[in-house]
Amino acid sequence: MHRITTAPLAPIPARTRWAVAAGAGAALAAAWWLGDTAPYPYAQRGLLDVPLPFLTADRMDAVLRPRPRERILEIGPGTGLQSLHVAPQLGPQGRLDVLDIQQEMLDHVMGRAQRDGLATITPTRSDARELPYADATFDAVYAVTALGEIPEPDRVLREAARVLAPGGRLVIGEFFDRHWIPFGRLHRLADAAGLHLTERRGPSPAYLARFRPCGTHAPVRQGEHLAHGDRESDDGKATTGKREHHPQGPRSPG
C-alpha cells in the first residue's frame, strides 16, 4: 500500500488575515450603511428594540421629564420602545400621541400597548412636516432617532414648536447612522425654528437635547439646565458651565 502524504499548509501571514478581516468588516459596514433606508423598514423592526448607548430610558426620563396628566407627542415611535416607557408615567389622565408615516409601525405599537393594558396611547398616521394638531396642544414633543429620517427636518422643528404649549419642551435624540443629525446642525436648525437649548446629554454621535420655544416666560423647572461635563459647543469643542450664547439676541429663560 502506498501511504498518501500531503504537504503542510503554509500559515497565512498576519497581514493577510488582517486585510481579509478588514475587507469583510468594510463590506458589512457598507451593507448596513447603504441598506439603512428612510423611513426605517418595518421588516427590520427587531433592531428598533435594541437599547442604544447614551439613549437609555433613565437618560430619556431625565431630559424629557414626563409627568402625570401631561399630553405628549412622540414623532416616529418605531415599534414603541420609548412609547411603552413614557405612556405609563403620564398616568390615566395623561395621553401619549404617537405619529408615524407607516401604518405598520403604528399597528405594532398599539398591539404592544393593548397587551400591556395601556389605553392612553393614541396613534395618528401623518407627515411630521405638517402635524395635524392645533397650536399649543402638547406639554412636550419628542423624537428619538427619527428626525434625521424625515426630509426637511427644519420644517419638523417648526411644526413641533407650533404645537408646543407655552413653556413646553422638545426633546430630540440622535444616534450615529446614515441619517444622523450632528448636534451642531441640530442646534442651528432649532435656533432658526425659534427653539432655545436648555439641556444636552451625551456626545454628538449619541445625544439627547431638550429645547423650549424662545420667548416663553415659563420658569425653568428645578434641575433643568445645561448638563455640565456632558455637552459640547456647536463646533464640538468642550464648553464651560455657562449657558449657550445666541448671536440673534438674548433669549428668555428656558
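These are my notebook entries on a predicted model of one protein.

**Entry 1: overall content**

I began by counting elements and found six helices and seven strands. Reading along the sequence, I noted the pattern α-α-β-α-β-α-β-β-α-β-α-β-β. The protein has 254 residues, and buried residues make up 44% of them. I then looked up the accessible surface, which comes to about 13500 Å². Carbon and sulfur atoms hold 58% of that surface. For contacts with a separation of 6 or more, I noted that 74% are between residues 24 or more positions apart.

**Entry 2: the sheet**

In what order do the seven strands of the open sheet stand? I wrote down 3-2-1-4-5-7-6, and the pairing is mixed. Strand 3 (121-125) and strand 6 (195-201) are at the edges; each has a single partner strand, so one side of each lacks a neighbour in the sheet. From one strand to the next, the twist averages 20 degrees.

I checked one edge through its partner. Strand 2 (residues 95-100) and strand 3 run parallel and are joined by five bridges. Leucine 99 has threonine 124 of strand 3 as its bridge partner.

**Entry 3: helices lying on the sheet**

I looked next at which strands the helices cross. Helix 4 (residues 103-115) lies across strand 2 and strand 3, and its direction makes about 170 degrees with strand 3. Helix 2 (residues 57-64) lies across strand 4 (138-144), strand 5 (164-175), strand 6 and strand 7 (206-213). To strand 7, helix 2 runs at about 15 degrees.

For helix 5 (residues 153-163), I listed the buried residues: Pro153, Val156, Leu157, Glu159, Ala160, Ala161 and Val163. I noted that they pack against strand 1 (71-75), strand 4, strand 5, helix 6 and strand 6.

**Entry 4: strand 7**

How many of the eight residues of strand 7 are buried? I found eight of eight, so I describe strand 7 as mostly covered. In a regular strand the side chains alternate between the two faces of the sheet. In strand 7, I saw Ala206, Leu208, Arg210 and Arg212 pointing one way, with Tyr207, Ala209, Phe211 and Pro213 pointing the other way. Residues of both sets are buried, the two arginines included.

I then followed the pairing of strand 7. With strand 5, strand 7 pairs in the antiparallel sense over six bridges. Phenylalanine 175 stands opposite alanine 206 of strand 7. Strand 6 and strand 7 also pair in the antiparallel sense, over six bridges. Here leucine 197 has phenylalanine 211 in strand 7 as its bridge partner. The hairpin of strand 6 and strand 7 has four residues between the strands. Within this hairpin, I noted a positive phi near 95 degrees at glycine 202.

**Entry 5: aromatic rings**

A pair of aromatic rings is described by the distance of the centres and the angle of the planes. I counted three aromatic pairs and wrote up two, beginning with tyrosine 133 and phenylalanine 138. The centres of these two rings are 4.9 Å apart and their planes stand at 90 degrees, so the pair is edge-to-face. Tyrosine 133 is buried, with a relative accessible area of 10%. Phenylalanine 138 is buried too, at 0%.

Is the pair of phenylalanine 183 and tyrosine 207 stacked or edge-to-face? I noted centres 5.5 Å apart and planes at 80 degrees, so this pair is edge-to-face. It links distant parts of the chain, since phenylalanine 183 is in helix 6 (residues 183-192) and tyrosine 207 is in strand 7, 24 residues apart. Phenylalanine 183 has a relative accessible area of 1% and tyrosine 207 has 0%, so both fall under the 20% limit for buried.

The ring of phenylalanine 183 has a further neighbour. I found the charged end of arginine 200 sitting over that ring, 4.0 Å from its centre.

**Entry 6: aspartate 139**

I ended with one residue of strand 4, aspartate 139. Is aspartate 139 buried or partly exposed? I noted a relative accessible area of 29%, so it is partly exposed. Leaving out residues up to four places away in sequence, aspartate 139 touches Glu70, Arg71, Leu164, Gly168 and Arg169. I also looked up its distance to valine 163, which is 24 residues away in sequence. From C-alpha to C-alpha, aspartate 139 and valine 163 are 8.9 Å apart. Valine 163 is one of the buried residues of helix 5.

Methods. Residues numbered from 1 in each chain as written. Predicted model: local features only at pLDDT ≥ 70, side-chain atom pairs only at ≥ 80, totals over all residues. Heavy atoms only, no water. Pairing = 2+ DSSP bridges. Axes fitted to C-alpha atoms, helices over the stretch in contact; angles between N-to-C directions. Contact = heavy atoms within 4.5 Å. Phe/Tyr/Trp six-rings, centres within 6.5 Å; stacked < 30°, edge-to-face > 60°. Buried < 20%, exposed > 50% of the residue type's maximum accessible area, 1.4 Å probe, protein only. Lys NZ or Arg CZ within 6 Å of the ring centre and 35° of its normal. Areas by Shrake-Rupley, 256 points an atom, 1.4 Å probe, with all protein chains shown as cover.
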